[in-house]
Every structure is written in structure tokens, then in C-alpha cells.
Amino acid sequence: MFAANIFMRDFVFSQGSRFLERSAQRSLSNAEKLVQEAVDVFSVLPHFRVPVCDAVLQDRFRVMMLRHPVLHDVGLVYNGNYMYCSSMKESTRFVPVSDQVTANASHLSLVVVKDNLTDKNGILVQWHISERVSIGAFLLSDSFALDAIQANFADFYRMKLVLNNGDIIAETSPESRLKDQSPFYNFEFDPAWTKDLIEQTMPSDRYPIQVAVGVPFDAVWNSYVGAMNVINGLSILAGALILFFCVRLGLKKPDPYHSIEAGIRRKEFIPFYQPIIDIQTGRLSGCEVLVRWRKPDGTILSPGHFIDVAEASGLARPMTTLLMEQVASDLSIAYQDNPGLKVAINLFNGHFQDLAVVQEIQKIFGNSGVHYKQLVFEITERLPLENLDRARAVITRLQDLGIRVALDDAGTGHGGFAYLQKLGMDIIKIDKLFVDAITEETDSVPIVDSLSQMAKGLDMVVVAEGVETEQQLSYLRRSGIDEAQGYLFAPALPASGYVQLVNAIGGGALKKGRSSKNDSRKQNSADQGKKSA
């Protein structure tokens with residue numbers, strides 16, 4: 001019912017506005033017609049020079065009055081207020097009630113005046129012949145008949161015909177109409193006459209006049225009472241049906257596929273950037289891109305909430321494309337000024353089965369400030385590659401462009417060290433699982449040591465993920481690990497935060513942030529376990 005009433009209020013308002021627009025148009029057309037009659041009279045009179053006021057001219061003025069009965073008086077006007085050689089009488093004086101307003105033609109002007117003899121208000125239309133003399137036609141305010149034009153809402157509407165400067169030529173309102181009908185009755189003003197007015201103003205494109213009309217919203221609303229009774233009844237039924245279906249939908253679990261698909265379409269998946277540090281020199285090496293889902297309400301979801309569905313459904317492909325486009329936009333300027341920095345982006349196993357991914361990367365980064373040599377694409381061991389030969393072809397094409405390829409989550413998945421031999425990787429990333437095994441009591445972590453030794457033999461860079469303690473950092477440094485990332489250094493940052501970091505230190509040394517480690521250890525575990533494309 002609430003929705004139906006809201007809709008009906010909009011409908012009533014629009015209907016009232018259309019009605020007022022038509023009323024204003026009728027009134028304006030009538031006013032333009034009256035002013036035009038005065039102009040027509042001028043066009044057949046001697047208006048190019050100051051005429052001599054004689055019996056012949058007065059007779060011509062009288063003929064014009066007979067032909068145009070809407071005109072109350074026609075004559076010569078001196079100084080804008082004194083009419084002589086009048087068609088009605090020898091002379092009369094007008095008291096200006098408004099400023100004079102010039103029409104589109106500079107020799108034509110309009111002014112609201114009061115006839116000093118009859119005490120009648122009206123408008124004096126003047127055709128200026130000289131600086132002080134003009135031909136004038138006097139139109140009574142009553143001639144515009146604003147009361148007669150309106151039919152609907154006759155008891156409530158108010159209308160004004162005004163000059164463009166706002167001075168009133170003629171007006172009508174509920175108060176004025178009651179006063180005209182009962183001049184001796186003392187009535188009280190009703191606030192409902194001006195409450196919630198629907199208003200329309202329509203200017204003339206021919207003369208400097210405009211019509212303003214208004215009607216209380218309640219007056220229009222009351223004319224639809226019958227329709228509202230029907231709508232309220234139907235809305236109760238519709239509301240019950242809507243409530244029933246909402247309950248049914250609420251009991252159903254939302255389809256995660258369609259939610260993710262809609263999120264990609266609305267560009268809700270955004271990149272966060274986790275800094276990577278060269279732990280041998282302490283300098284910033286670059287970052288890894290981690291996806292976040294920013295919901296319309298501002299909630300930020302980590303990859304653990306959606307990445308499995310995205311991989312299984314194939315939506316990881318368009319999600320990765322969206323992220324790469326945002327990376328190119330976010331980092332172009334900062335990376336153009338810091339060519340030694342890299343950015344690592346996760347690809348999924350499906351990417352390495354189609355050479356089209358190479359063309360897509362060229363299209364996105366080819367003309368950006370992020371150069372190919374700054375790009376690192378990571379492939380995880382967690383899911384097997386279906387065709388190693390095709391994957392090798394994709395990797396070769398990427399490396400031919402200067403792009404490096406990293407084996408992510410090394411030692412945790414299907415391919416093992418075979419990937420390193422067959423696919424020609426450039427970088428090995430040690431999973432957080434093995435870094436967590438480093439404690440104060442740890443003497444050695446065989447998998448970390450062996451990966452480090454093997455990488456050195458293959459001239460590969462080794463990056464440790466999920467570094468959270470000083471003990472882990474010291475052990476990794478002693479083991480010859482090149483780079484590391486984790487909350488010991490910095491959490492994953494939004495684009496603005498990471499760009500500020502780059503602009504502040506470039507490839508300089510990054511101080512370790514202990515405070516971020518304690519606040520975000522749990523989030524880091526989720527990020528490293530379920531990373532994005």
C-alpha cells in the first residue's frame with residue numbers, strides 16, 4: 001500500500017503539473033492575443049513620426065477602438081504616463097505601478113499602470129515614436145479574464161499574469177474570488193489554499209510577459225479518491241503476494257555464480273597490493289595483486305569467500321581481466337617513474353591453455369605505464385595443468401615479451417618440481433605453510449632450504465609468502481631467500497595506499513610494521529590460502 005501511494009502521489013503530481021501547464025498555455029495565448037491586438041493597431045497608425053493631434057487622428061483612434069473592443073483606450077502618450085488625443089476623452093493620466101519592460105523590439109514596451117480617472121488597473125502597451133512621445137493602448141487587467149479560462153479546481157487554483165520583472169498585470173486566487181462574490185463578507189484565510197502548491201510558470205517568447213499558476217496538491221489528490229480506494233485494495237493483495245514470494249526467496253540460498261557474475265559486471269572486484277621486499281637489501285621490490293570484493297554497502301570480502309566458485313565456474317577469467325585493467329590504470333604513473341618495481345598477478349590454470357591470454361595482456365598493458373619487464377604472472381600448483389605443452393607455449397610467449405612467470409605455492413600441489421623443469425619458470429614462491437614452520441626452536445626447514453638451493457642452481461628468484469615474525473625473516477635471510485611478503489612488512493593495501501608508498505620510497509628501504517602484524521595475522525592467512533587472479 002505504501003508503494004502504491006508513493007506511485008500515486010507521483011502520478012497525481014505529474015497530472016496536476018500537466019493540467020497547470022495546459023492552463024498556463026491557454027492563459028498565455030489569450031494574453032499574447034490581447035497584446036498583439038494593440039500592436040496591430042499601432043501598425044496601421046502613423047508610428048514613424050510624431051503625428052499632429054487633431055480631429056482626424058482622434059477619429060482614427062476611435063475607429064481602432066471599434067475594431068478592437070478589447071482595447072480600453074488608444075491615444076498619444078507623453079513621458080509614459082500622460083495620454084492626450086485619446087479616443088475616449090481629451091486626456092488622461094496613468095500612474096505607473098511597475099517599471100517599464102522592453103519587448104524583443106526595442107521600440108515596444110509594456111508597463112502596469114492605474115487609470116487616474118477610473119481607478120482601473122491595466123497594462124499600457126506603447127510604440128515609441130520619439131524619446132518622449134509614443135502611441136499607447138490601454139488594456140484593463142479584467143480583459144485578460146483569468147477567472148474565465150480555468151475550469152478544473154475552480155475553487156482552489158491561483159494564477160498570475162506578470163511582466164518579466166515580476167510585476168503583476170492581473171491575478172486571481174481563492175481569496176480574490178470569494179471577495180468578488182461576497183464583497184461585504186469577512187472571511188478568514190485558509191492555509192490549505194497555499195499548502196503544498198503544484199506550480200507551473202510559462203514565459204512568452206513573443207512579449208515580456210509570463211503566466212504563473214498553482215493548485216494545492218490535496219485538491220488534485222482528492223479528485224482521485226475513488227481510484228485510490230481501488231488501488232489501496234489491490235495494493236493490499238499485491239503486498240501479500242510480494243511478501244509471500246519474498247519469504248520464499250529468503251528461504252532459498254542465493255546463487256553464488258550469479259552474485260559473482262553481477263559483481264564482475266558492476267566492477268565490484270578490485271585489486272589490493274601487498275608489498276614485496278628484497279630481504280637482502282631491505283628495498284621495495286614491488287607487490288602482489290590480491291583481489292577483494294567490495295560490496296555495494298562498502299563491505300570488503302577476502303578471496304576465501306568467492307575464489308573457489310570463480311575458478312570452478314570459469315568466472316576467474318573475466319575477473320582477472322577486470323583486475324588487470326584496474327592494475328594498469330592504478331600503477332601506470334607510479335611504475336613509469338620506478339622501472340625497477342614489479343607487480344605480480346595470479347593467473348589460473350585455464351589461462352595457460354589458451355594463447356589468447358597473451359593478446360589480452362598486450363592489449364591491456366601494451367600502451368600503459370606498466371612495462372612488460374615489470375610484470376610477473378603466477379601460476380599455482382594447487383590445480384593441475386591439463387596440457388603442459390600448451391602451457392609451455394603460453395609461458396614462452398609471455399617471456400618473449402619480457403614478462404616473468406612464477407610458480408606459486410611451490411611444494412604444495414600436483415606438479416611438484418616437474419613444473420620447474422618443463423615450464424621454464426623464473427621465480428619460485430614458497431607457500432606460507434612452510435614459512436609457518438619456522439619458529440624460535442627451528443634449526444632447519446628442509447623444504448625451504450631445498451627450494452632455495454635448487455632455485456640458486458637454476459638462477460631463479462625465491463620469494464617467501466606470509467612472513468609474520470622476526471625469527472622467520474632472520475631464517476629466510478640466512479637461507480638465501482631473495483624476497484618476502486607478509487604482515488611483518490605491510491598488509492595488502494588499496495591502490496591509493498600502495499601508490500603513496502611507491503611515491504614515498506620508490507625502490508627504497510621499507511621499515512617493518514609490527515603493528516600491522518598483530519592486527520592482521522588472521523586476515524593474512526586467509527589471503528595467502530586463497531589468492532586472487
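## Strand 7, covered on both faces

In this predicted model, strand 7 (residues 133-140) is largely enclosed by the rest of the structure, because 8 of its 8 residues are buried. The cut-off behind that label is a relative accessible area under 20%. Both faces of the strand are covered. On one side you will find Val 133, Ile 135, Ala 137 and Leu 139, and on the other Ser 134, Gly 136, Phe 138 and Leu 140, all of them buried.

Strand 7 also has pairing partners to look at. Strand 1 (residues 73-78) runs antiparallel to strand 7 and is joined to it by 6 bridges; here Gly 75 stands opposite Gly 136 of strand 7. Strand 6 (residues 121-128) is likewise antiparallel to strand 7, with 7 bridges between them, and Val 125 of that pairing stands opposite Ala 137. To follow the chain from strand 6 into strand 7, look for a hairpin that connects the two through 4 residues.

## A four-stranded open sheet and its helix

Another good place to visit is the open sheet of 4 strands, arranged in the order 9-8-11-10 with antiparallel pairing. Its edges are strand 9 (168-172) and strand 10 (197-203), each of which pairs on one side only. From one strand to the next, the twist averages 10°.

Within this sheet, strand 8 (residues 158-163) and strand 11 (residues 209-216) run antiparallel and share 6 bridges. A handy landmark is Met 159, which stands opposite Val 213 in strand 11. Helix 1 (residues 2-43) packs on the sheet and touches strand 8, strand 10 and strand 11. The direction of helix 1 makes about 35° with that of strand 10.

## Two residues with positive phi

Two loop residues deserve a look at their backbone angles. Cys 85 is not a glycine, yet its phi is positive, about 60°. Cys 85 lies in the loop between strand 2 (82-84) and strand 3 (91-96). With a relative accessible area of 1%, Cys 85 is buried.

Lys 267, also a residue other than glycine, has a positive phi near 60°. Its place is the loop between helix 7 (256-265) and strand 12 (269-278). Lys 267 counts as exposed because its relative accessibility is 55%, and the cut-off for that label is over 50%.

## Gly 286 and its surroundings

Gly 286 belongs to strand 13 (residues 283-294). Is this glycine buried or exposed? At 0% relative accessibility, Gly 286 counts as buried.

Leaving aside residues up to four places away in sequence, Gly 286 touches Gln 274, Pro 275, Ile 276, Tyr 335, Leu 341, Lys 342 and Tyr 498. For a distance to check on screen, try Gly 286 and Tyr 273: they are 13 residues apart in sequence, and their C-alpha atoms are 9.0 Å apart in space.

## A nonpolar patch on the surface

Let us finish on the outside of the model. Leu 237, Leu 241, Phe 244 and Phe 245 form a nonpolar patch on the surface. Together these four residues have about 420 Å² of accessible area. One of them, Phe 245, is found in helix 6 (residues 225-251).

Terms used. Residues are numbered from 1 along each chain as its sequence is written. This is a predicted model: local features need pLDDT of at least 70, side-chain atom pairs count only at pLDDT 80 or more; totals for chains, interfaces and linings use all residues. Side-chain values use heavy atoms; hydrogens and water are left out. Patches are made of residues with over 30% relative accessible area and no salt bridge: like charges are joined within 9 Å, nonpolar side chains (Val, Leu, Ile, Met, Phe, Trp, Tyr) within 5 Å. Accessible areas come from the Shrake-Rupley method with a 1.4 Å probe; for residues, only the protein chains shown count as cover. A salt bridge is a side-chain nitrogen of Lys or Arg within 4 Å of a carboxyl oxygen of Asp or Glu. Buried means under 20% relative accessible area, exposed over 50%, partly exposed in between (1.4 Å probe, protein chains only). Two strands pair if DSSP finds at least two bridges between them. Axes are lines fitted to C-alpha atoms, for helices over the stretch in contact, and angles run from 0 to 180 degrees between N-to-C directions. Contact means heavy atoms within 4.5 Å.
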